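Here is a short briefing to read with the model open beside you. Take a moment to turn it around, then use the notes as a guide.

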Amino acid sequence: MPLMILPFIIILLSLFSMFRNNSTRALKKQQDAFWEKERLANQTRRQDISQLDYIQIPLDTFPAGQYADAQLASIETTLKNLSSRQILNLTGISNTDLKLQYGAANLPVLSDCDANFTTLVQAVTSYGERLAQLEHWQEAIRVLEFGIACKTDMSKNYTLLGTLYREHGQPEKLEDLIQTVRDSDLLLKDSILEQLSKDSSDCPV
């Protein structure tokens, strides 16, 4: 009996060895491609980044200072401080690709712009949420719509805005928001669409 099984064992071991070698070669090829791309990126000269699509915070359209609330005041301070800094939405773009496109010397500046974007979208979502909690829904919608215009990756920005559209009878805007999410590459796209679709089905026409 053991002698009959031996050929099958040999075949299985041979297949395992072949798959392992193929996997090793594929991994090495990927690694070599990455390091070659990184080498080229590090040699890319500085490019002009003055004309990139920097985000401007429309503070004059926000209800800054209109309501006596400590949480709002803290968020408004954050937004005011950000308004004097450069902000870029670089979500999904790797450092290697940034260096290839704009030059390695620009990476620190671009990384700072990206960090400012993260702070911005978090602040905007918190701002809209707090305004909604205080029943200033029109201002909340205005703030959250700015977040959408910035292509925020904060799922709550989308779902909260959808809820406000539903609660205040704005089905057309809710449908536009759903389409915006459908056309996006958001990480939580499916769960956001699920929530927005529920809002849409409950939204009075």
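The notes below go from the overall fold to the cores, the pockets and a few single residues.

This is a predicted model. The protein has eight helices and zero strands, and 34% of its 205 residues are buried. A nonpolar core of 35 residues is the largest one here, and a second, separate core has nine residues.

**Overall fold**

- Read from one end of the sequence to the other, the pattern is α-α-α-α-α-α-α-α.
- Among contacts between residues at least 6 apart in sequence, 70% join residues that are at least 24 apart.
- The accessible surface comes to about 13,000 Å², and carbon and sulfur atoms account for 54% of that surface.

**The nonpolar cores**

- Within the largest core of 35 residues, L79, L120, Y127 and F146 are the residues with the most contacts.
- At least two residues of this core come from each of α2 (70–82), α4 (107–133), α5 (137–149), α6 (155–167), α7 (171–182) and α8 (189–202).
- Helix α4 supplies the largest share of this core, with seven residues.
- L79 is a good place to start looking: leaving aside residues up to four places away in sequence, L79 touches I57, L59, F62, L120, A123, V124 and Y127.
- The second, separate core of nine residues includes L90, Y102, L107 and L110.

**The pockets**

- The largest pocket has a volume of about 300 Å³.
- Thirteen residues would be a lot to click through, so to speak, but K151, T152, S184, D185 and L186 are the closest to the centre of the largest pocket among the 13 that line it.
- By class, the lining of the largest pocket divides into four nonpolar, six polar and three charged residues.
- The second largest pocket holds about 250 Å³ of space.
- Its lining is made of L52, D53, Y54, I55, L88, N89, L90, Y102, A149, C150 and K151.
- In the lining of the second largest pocket, eight residues are nonpolar, one is polar and two are charged.
- K151 lines the second largest pocket and is also listed with the residues closest to the centre of the largest pocket.

**Two buried residues to look at together**

- L88 sits in the loop between α2 and α3 (95–102), and F117 sits in helix α4.
- Is L88 buried or exposed? L88 counts as buried because its relative accessible area is 4%, under the 20% cut-off.
- F117 is likewise buried, with a relative accessible area of 1%.
- Not counting residues up to four places away in sequence, L88 touches L52, D53, Y54, L110, C113, D114 and F117.
- On the same basis, F117 touches I55, I87, L88, N89, T91, C150, K151 and T152.
- The C-alpha atoms of L88 and A115 are 8.6 Å apart in space, although the two residues are 27 apart in sequence.
- For F117 and Y54, 63 residues apart along the chain, the C-alpha atoms are separated by 9.9 Å.

**Exposed residues and backbone angles**

- Which residue in the loop between α4 and α5 deserves a look? E135 lies there, and its phi is near 70°, a positive value in a residue other than glycine.
- E135 is exposed because its relative accessible area is 68%, over the 50% cut-off.
- K151, in the loop between α5 and α6, has a phi near 60°, again a positive value in a residue other than glycine.
- With a relative accessible area of 63%, K151 is exposed, and F117 is among the residues whose contacts include K151.
- P108 is in helix α4 and is exposed, with a relative accessible area of 57%.
- Between P108 and N95, 13 residues apart along the chain, the C-alpha separation is 9.8 Å.

How values were computed:
Residues numbered from 1 in each chain as written. Predicted model: local features only at pLDDT ≥ 70, side-chain atom pairs only at ≥ 80, totals over all residues. Heavy atoms only, no water. 1 Å grid on protein atoms, 1.4 Å probe; cavity = no way out; pocket = protein on both sides within 12 Å on 5 of 7 lines; lining within 4 Å. Points joined across faces, edges and corners; volume = space filled by probe spheres on them. Nonpolar A, V, L, I, M, F, W, Y, C, P; charged D, E, K, R; others polar. Helix = DSSP H or I, 4+ residues; strand = E, 2+ residues; numbered from the N terminus. Buried < 20%, exposed > 50% of the residue type's maximum accessible area, 1.4 Å probe, protein only. Contact = heavy atoms within 4.5 Å. Areas by Shrake-Rupley, 256 points an atom, 1.4 Å probe, with all protein chains shown as cover. Core = buried A, V, L, I, M, F, W, Y, C linked by side-chain atoms within 4.5 Å.
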